[in-house]
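Subject: The structure we talked about

Hi,

Here is the structure I promised to pass on. Have a look at it first, and then read on for what turned up.

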Amino acid sequence: MNLRKKRIVINLIHWYHIINSKIKPLVLSDEKAVKRYYKKKSGGLTVDLSNPVTFSEKQQWYKLYSNNPLMAQCADKNDVRQYIIDCGYEDLLNEQYGVYESVKDIPINDLPERFVLKAAHASGWNLIVRDKSAMNWKQEKKTMKLWLKQDIYWSGREWVYKNLKKRIVAEKYLEDESGGLLDYKFYCFNGKPAFLQLEVGRFTDKNARNFYDMDWNLLPFGKELPHNPDINIPVPECFEQMKEIAQNLCKPFSYVRVDLYQVGGKVYFGELTFFPAGGAPDFVPTEYDKIVGDMWNIKE
């Protein structure tokens, strides 16, 4: 199966789950919905919300009891830009071509040959355009219209997405020396980055998620995918700068993942994520769900 067909299949499966999750959204309270979500994602485990211990349990607690309005602003792929500016990091922002509330308003013909379209009100709904003329725009527009009809809050009760303004953002296409775009995802607890995730070999047979500490030592776990100690990624040129940026951007939050890129010796901001993978218990090996959970003091 080629990459385009694979992506279409993944999208169809994704939308099936989104639509099904909305069948009875108003019947369940947030707490009941979170408990059901966790049981489904964990293969039958019961989440302990009164005394959460693992990272995944604390993520479910975070959904129900965090109420920092800045989190909702920063979950929006457009509005987060103001937070980055307020922190003094305007130079980290990627060039933005436009923000659109309707698919018909996206000026495909006026955009460059390579660009990226993102759903501002969601996570992971991205269309990476490397060759505009090779795209099936009829199909892609149908997908983006579906984006604009969905509120992903209902699928896992990630409150930061509830009632966000539904928009699509067009940005400049970025590519680093790898021929793709390595995404340095800093896991930050109680105002301090603890480790980072780096996915390598995406859409290949060697796909792995490696984790590194703040001294760039490979850690012995993965997330959803196992880590691969045979993949040798050198310390990024801007690693010290990225650590400082993550440290400053994460300060207002009990937990946040700060995503950064490095392109041509320059750091770019990616996004802020509060509930990676919806907080599903997916560390490999599983005992790292507890080990990582110990890094997060939710009482603060």
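Looking at how the chain is put together, contacts between residues 24 or more positions apart make up 61% of the contacts with a separation of 6 or more. Please keep in mind that this is a predicted model. The chain has 300 residues, and 50% of them count as buried. Its secondary structure consists of 9 helices and 12 strands. The accessible surface comes to about 15,100 Å², and carbon and sulfur atoms contribute 50% of that.

**The six-stranded sheet**

Let me start with the sheet of 6 strands. It is open and antiparallel, and its order is β8-β7-β6-β5-β10-β11. At its edges are β8 (218–219) and β11, each of which pairs on one side only.

You can walk through this sheet from one edge to the other. β7 and β8 run antiparallel and are joined by 2 bridges, with Phe 211 opposite Leu 219 in β8. Next, β7 (residues 208–213) pairs with β6 in the antiparallel sense over 6 bridges; here Leu 196 has Tyr 212 in β7 as its bridge partner. Strand β6 covers residues 192–200, and 7 of its 9 residues are buried.

On from there, β6 pairs with β5 over 6 bridges, again in the antiparallel sense, and Tyr 184 stands opposite Leu 198 in β6. These two strands form a hairpin with 2 residues between them, and Asn 190 in the turn has a positive phi of about 50 degrees.

At the far end, β10 (residues 255–263) and β11 run antiparallel with 7 bridges between them. One pair to find on screen is Arg 257, which stands opposite Thr 273 in β11. β10 and β11 also make a hairpin with 2 residues between the strands, where Gly 264 takes a positive phi near 60 degrees. Although β11 is an edge strand, 7 of its 8 residues are buried.

What lies across this sheet? Helix α8 (residues 239–249) lies across β5, β6, β7, β10 and β11, and it runs at about 150 degrees to β10.

**A buried lysine**

One residue in this sheet that I would point out is Lys 185, which sits in strand β5 (residues 184–189). Is Lys 185 buried or exposed? Its relative accessible area is 8%, so Lys 185 is buried, the cut-off being under 20%. The side chain of Lys 185 makes a polar contact of 3.3 Å with the side chain of Asp 259. Beyond its neighbours within four places in sequence, Lys 185 touches Phe 195, Leu 196 and Gln 197, as well as Arg 257, Val 258 and Asp 259. Two of these have come up already: Leu 196 is the residue bridged to Tyr 212 in β7, and Arg 257 is the one opposite Thr 273 in β11.

**The four-stranded sheet**

There is also an open sheet of 4 strands, in the order β1-β4-β2-β3, with antiparallel pairing. β1 (96–100) and β3 (126–129) are at the edges with a single partner strand each, so one side of each has no neighbour in the sheet. From one strand to the next, the twist averages 15 degrees.

Within this sheet, β2 (residues 115–119) pairs with β3 in the antiparallel sense over 4 bridges. Leu 117 has Leu 127 in β3 as its bridge partner, and both leucines come back in the next part.

**Helix α6 and Met 144**

Helix α6 spans residues 137–147, and its buried residues are Trp 137, Glu 140, Thr 143, Met 144 and Trp 147. Why do these residues line one face of the helix? Viewed down the axis of α6, they fall within an arc of 120 degrees, so they share that face.

Met 144 is the member of this helix to look at more closely. With a relative accessibility of 1%, Met 144 counts as buried. Apart from its neighbours within four places in sequence, Met 144 is in contact with Val 103, Ile 106, Leu 117, Leu 127, Trp 137 and Ile 168. Leu 117 and Leu 127 in that list are the bridge partners from β2 and β3. Met 144 and Arg 167 are 23 residues apart along the chain, and their C-alpha atoms are separated by 9.7 Å.

Happy browsing, and best wishes!

Technical notes: Residues are numbered from 1 along each chain as its sequence is written. This is a predicted model: local features need pLDDT of at least 70, side-chain atom pairs count only at pLDDT 80 or more; totals for chains, interfaces and linings use all residues. Side-chain values use heavy atoms; hydrogens and water are left out. Buried means under 20% relative accessible area, exposed over 50%, partly exposed in between (1.4 Å probe, protein chains only). The arc is that of the directions from the helix axis to the C-beta atoms. Contact means heavy atoms within 4.5 Å. Accessible areas come from the Shrake-Rupley method with a 1.4 Å probe; for residues, only the protein chains shown count as cover. A polar contact is a pair of N or O atoms within 3.5 Å; within protein, one must be able to donate a hydrogen and the other to accept it, and residues adjacent in sequence count only if both atoms are side-chain atoms. Two strands pair if DSSP finds at least two bridges between them. Axes are lines fitted to C-alpha atoms, for helices over the stretch in contact, and angles run from 0 to 180 degrees between N-to-C directions.
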